[in-house]
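Visitor: I would like a close look at a single part of this chain, taken slowly and with its surroundings kept in view. Please start from one pair of charged side chains and work outward from there.

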Amino acid sequence: IFAVGPTYYNRESESEGEKLRKDEKLRGAYYASLERAKEHKLEAVGFSLISAGNRSGGDLNRTLRIAVEAIKNFKGYKELKQITICAFSKVECDILEQVMEELDVFEDVA
């Protein structure tokens, strides 16, 4: 499943409305991917970080928080056993782990 999210060029120069619109597109990219997985009854789904890296516009924490919230809030389906999130740098890994701790995602892991 391939997903494309928005590009955040420079969050500091964007209006709050523009940021929120892009945040909704990013959230929607995760939801749409999970819905496609559900349609095909996939047991596992893997995500590289959508709109992260150079596309995050300098606010990687916000981008990763949206990703984790979208995945956590997805209701799932009986066949789904695993969701993997792949970070490519130590900074991404550190922020991702921090966000997951803040959102109590680790308590959801069996």
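Guide: In this predicted model, the side chains of Glu 18 and Arg 21 meet in a salt bridge, with 2.6 Å from N to O. Both residues belong to helix H1, where they sit three residues apart, about one turn of the helix. An α-helix has 3.6 residues a turn, so residues three or four places apart point the same way. Glu 18 has a relative accessible area of 25% and is therefore partly exposed, and Arg 21, at 39% relative accessibility, also counts as partly exposed.

The helix that carries this pair is the part to look at closely. H1 runs over residues 16-39, and its 24 residues reach 34 Å from the first C-alpha to the last, close to the 34 Å expected at 1.5 Å a residue. After H1 comes Lys 41, whose phi is positive, near 55°.

Other salt bridges tie H1 to a distant part of the chain. Arg 27 in helix H1 and Glu 69 in helix H2 are 42 residues apart, and their side chains meet in a salt bridge with 4.0 Å from N to O. Arg 27 counts as buried because its relative accessible area is 18%, which falls under the 20% limit, whereas Glu 69 is partly exposed at 26% relative accessibility. A further salt bridge, with 3.6 Å from N to O, joins the side chains of Arg 62 and Glu 16; here Arg 62 lies in helix H2 and Glu 16 in helix H1, 46 residues apart. Glu 16 is partly exposed, at 44% relative accessibility. Through shared partners, salt bridges join Glu 16, Asp 23 and Arg 62 into one network. Side chains of opposite charge can pair when their charged atoms come close, and by the distance rule used here the count comes to nine salt bridges.

The buried residues of H1 include charged and polar side chains as well as nonpolar ones: among them are Lys 19, Asp 23, Arg 27, Ser 33, Leu 26, Tyr 30 and Leu 34. What covers the buried residues of this helix includes S1, H2 and S2. Ser 33, which lies in helix H1, counts as buried at 5% relative accessibility. Leaving aside neighbours within four places in sequence, Ser 33 is in contact with Ile 1, Ala 3 and Phe 47. Ser 33 and Val 4 are 29 residues apart in sequence, and their C-alpha atoms are 9.7 Å apart in space.

Tyr 30 leads from the helix into the nonpolar core. Not counting residues up to four places away in sequence, Tyr 30 touches Phe 47, Ser 48, Leu 49, Ile 50, Ala 67, Ala 70 and Ile 71. The largest nonpolar core has 28 residues, of which Tyr 30, Val 45, Phe 47, Leu 64 and Val 68 touch the most other members. Helix H1, strand S1 (44-48), helix H2 (60-73) and helix H3 (90-102) are the elements that give two or more residues to this core, and H2 gives the most, with seven residues. In soluble globular proteins, nonpolar side chains tend to be buried together.

Phe 47, a contact of both Tyr 30 and Ser 33, brings strand S1 into the picture. Along S1 the side chains alternate, with Val 45 and Phe 47 buried and pointing to one face, while Ala 44, Gly 46 and Ser 48 point to the other and are not buried. In a regular strand the side chains alternate between the two faces of the sheet. Strand S2, residues 82-86, runs parallel to S1 and is joined to S1 by five bridges; within S2, Thr 84 is the bridge partner of Gly 46.

To place H1 within the whole, the protein chain has three helices and two strands, which follow the pattern α-β-α-β-α along the sequence. Of the 110 residues, 39% count as buried. Among contacts with a separation of 6 or more, residues 24 or more positions apart account for 75%, and the salt bridges from H1 to H2, such as that between Arg 27 and Glu 69, link distant parts of the chain as well. The protein chain exposes about 6,800 Å², of which carbon and sulfur atoms supply 51%.

Terms used
Residues are numbered from 1 along each chain as its sequence is written. This is a predicted model: local features need pLDDT of at least 70, side-chain atom pairs count only at pLDDT 80 or more; totals for chains, interfaces and linings use all residues. Side-chain values use heavy atoms; hydrogens and water are left out. Helices (H or I, at least four residues) and strands (E, at least two) are DSSP runs, numbered from the N terminus. Buried means under 20% relative accessible area, exposed over 50%, partly exposed in between (1.4 Å probe, protein chains only). Contact means heavy atoms within 4.5 Å. Accessible areas come from the Shrake-Rupley method with a 1.4 Å probe; for residues, only the protein chains shown count as cover. A nonpolar core is a set of buried Ala, Val, Leu, Ile, Met, Phe, Trp, Tyr and Cys residues joined through side-chain atoms within 4.5 Å. Two strands pair if DSSP finds at least two bridges between them. The expected span of a helix is 1.5 Å times one less than its number of residues.
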